[in-house]
Amino acid sequence: MAQPLTIEDLRILAKRRVPRMFYDYADSGAWTEGTYRANETDFAGIKLRQRVAVDMTNRTLASTMVGQPVAMPVALAPTGLTGMQHADGEILAARAASKAGVPFTLSTMSICSLEDIANHVGKPFWFQLYVMKDRDFIARLIQRAKDAGVTALVLTLDLQILGQRHKDIRNGLSAPPKPTIANLINLATKPRWCLGMLDTPRRSFGNIVGHAKGVGDLSSLSSWTAEQFDPALSWDDVKWIKDLWGGKLILKGILDPEDAEMAAKSGADALIVSNHGGRQLDGALSSIAALPAIVEQVGGRMEILFDGGIRSGQDVIKALALGAHGTFIGRAFLYGLGAMGEEGVTRCLDIIRKELDITMALCGLRDVRDVDGRILVGGKG
């Protein structure tokens with residue numbers, strides 16, 4: 001098999017190897033999927049300035065995200081059910097991120113637990129928190145994150161209620177998959193995935209089962225999560241979590257300048273411009289279209305990070321040029337994981353690094369920290 005050269009190559013391979021319900025979970029959006037598609041396609045309209053006869057030697061992609069050194073301004077985004085793309089998926093992705101010198105963010109709705117990552121990876125990582133009605137569970141989850149050596153908490157604000165995701169509904173999404181005839185037929189065509197799953201005990205939501213009250217099995221877990229996401233989440237809760245956590249706090253899911261203003265006033269260290277991968281409000285702006293107004297609103301007061309639609313190093317540099325300090329990739333690394341396990345995540349990061357480096361050079365810059373609007377057609381530094 002030829003070595004994948006693009007994120008699209010990894011996507012095609014993942015589609016062949018991952019069971020349909022989990023591939024669709026990663027590669028779909030809400031309702032008509034218009035915002036999901038726009039997250040990718042809106043990057044194409046942003047044009048770069050090619051520069052020539054400038055010194056392109058000694059280039060560096062090293063930067064920081066929330067004050068932490070990174071080998072390039074890219075982090076692995078929190079993604080639910082990562083361990084269903086490939087057995088032990090979160091552990092494998094965290095290892096690949098650690099080797100690449102970039103942050104890995106574990107989701108609350110992960111298959112591998114906080115403790116699994118701490119025990120099997122050994123390097124500090126980030127943790128994404130969903131706010132549940134059971135505040136005692138949240139307080140204990142935050143303490144577990146501290147005990148696991150988490151160095152930044154990512155609080156997701158845009159999933160108080162679940163968007164309408166038709167593919168997940170039609171597929172009867174569950175972890176592990178329900179033994180329906182359709183699922184069993186599909187699983188029979190994915191022997192590599194099945195063998196991996198037989199070899200691991202991690203097949204459910206590791207941060208929740210055995211930790212949340214009254215949740216001991218899968219049948220009660222799905223109903224618990226559906227009932228537990230808190231639609232009453234407010235900025236008062238953000239303050240409570242900030243005080244309880246006491247460390248670096250990143251707010252994820254900001255798409256509107258008014259909400260960005262509230263985020264800045266909350267005292268959080270950073271915000272992530274994100275529409276949840278087009279999986280919540282279909283018809284909302286793409287993340288890249290929303291970014292400039294948020295940079296204008298609060299760019300001087302807090303660190304602005306970006307998530308949504310990145311499928312190449314060129315997409316990374318465009319987000320940086322529009323004012324993001326760093327970026328996240330979600331689907332891109334999930335494709336790599338589903339395609340080739342840990343090696344696939346490493347390949348994904350290598351692809352993005354190379355594209356970012358070459359694009360930066362051809363735009364006439366040598367240090368990724370110097371990237372700004374100067375590299376865009378019609379842009380200003």
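**Strands and cavities: a short tour**

Hi everyone, let's start with a piece of the fold: strand S7, helix H12 (residues 257-265) and strand S8 together make a right-handed β-α-β unit. Please keep in mind that this is a predicted model.

The chain then carries on from S8 through helix H13, residues 287-298, to strand S9, and this β-α-β crossover is right-handed too.

Now let's look at how these strands sit next to one another. S7 covers residues 248-254, and it pairs with S8 in the parallel sense, over 4 bridges. If you want to find one of these contacts on the screen, go to lysine 252, whose bridge partner in S8 is isoleucine 272. On to the next pair: S8 and S9, with S9 spanning residues 303-307, are parallel as well, and they pair over 4 bridges. Here you can look for leucine 271, which stands opposite isoleucine 304 in S9.

So S8 has come up with both S7 and S9. What about its two faces: are the residues there buried or exposed? S8 runs over residues 270-273, and both of its faces are covered. Ala270 and Ile272 are buried on one side, while Leu271 and Val273 are buried on the other.

Let's move from strands to empty space. Rolling a probe the size of a water molecule over the atoms shows where empty space is left. How many cavities of 30 Å³ or more are there in this model? The count comes to 2.

The largest cavity has a volume of about 60 Å³. Which residues line it? Going along the chain, you meet Pro19, Arg20 and Met21, then Asn171 and Pro177, and finally Ala182, Asn183, Asn186 and Leu187. Two helices, H2 (20-26) and H8 (181-188), each give at least two residues to this lining. The largest share comes from H8, with 4 residues. Sorted by class, the lining has 5 nonpolar residues, 3 polar ones and 1 charged one.

The second largest cavity has a volume of about 40 Å³. Around it you can click on Tyr130 and Val131, then Thr156, Leu157, Leu159 and Gln160, and lastly Phe229, Asp230 and Leu233. By class, this lining holds 6 nonpolar, 2 polar and 1 charged residues.

To recap: S8 pairs in the parallel sense with S7 and with S9, its two faces are covered, and the model has 2 cavities of 30 Å³ or more. Thanks for listening!

Terms used: Residues are numbered from 1 along each chain as its sequence is written. This is a predicted model: local features need pLDDT of at least 70, side-chain atom pairs count only at pLDDT 80 or more; totals for chains, interfaces and linings use all residues. Side-chain values use heavy atoms; hydrogens and water are left out. On a 1 Å grid over the protein atoms alone, a cavity is a set of points where a 1.4 Å probe fits but cannot get out, and a pocket is an open set with protein on both sides within 12 Å along at least five of seven lines; lining residues have an atom within 4 Å of a point. Grid points are joined across faces, edges and corners, and a volume is the space filled by probe spheres set on the points. Ala, Val, Leu, Ile, Met, Phe, Trp, Tyr, Cys and Pro count as nonpolar, Asp, Glu, Lys and Arg as charged, and the others, Gly among them, as polar. Buried means under 20% relative accessible area, exposed over 50%, partly exposed in between (1.4 Å probe, protein chains only). Two strands pair if DSSP finds at least two bridges between them. A crossover is right-handed if, with the strands pointing away from the viewer, the path from the first strand over the helix to the second runs clockwise.
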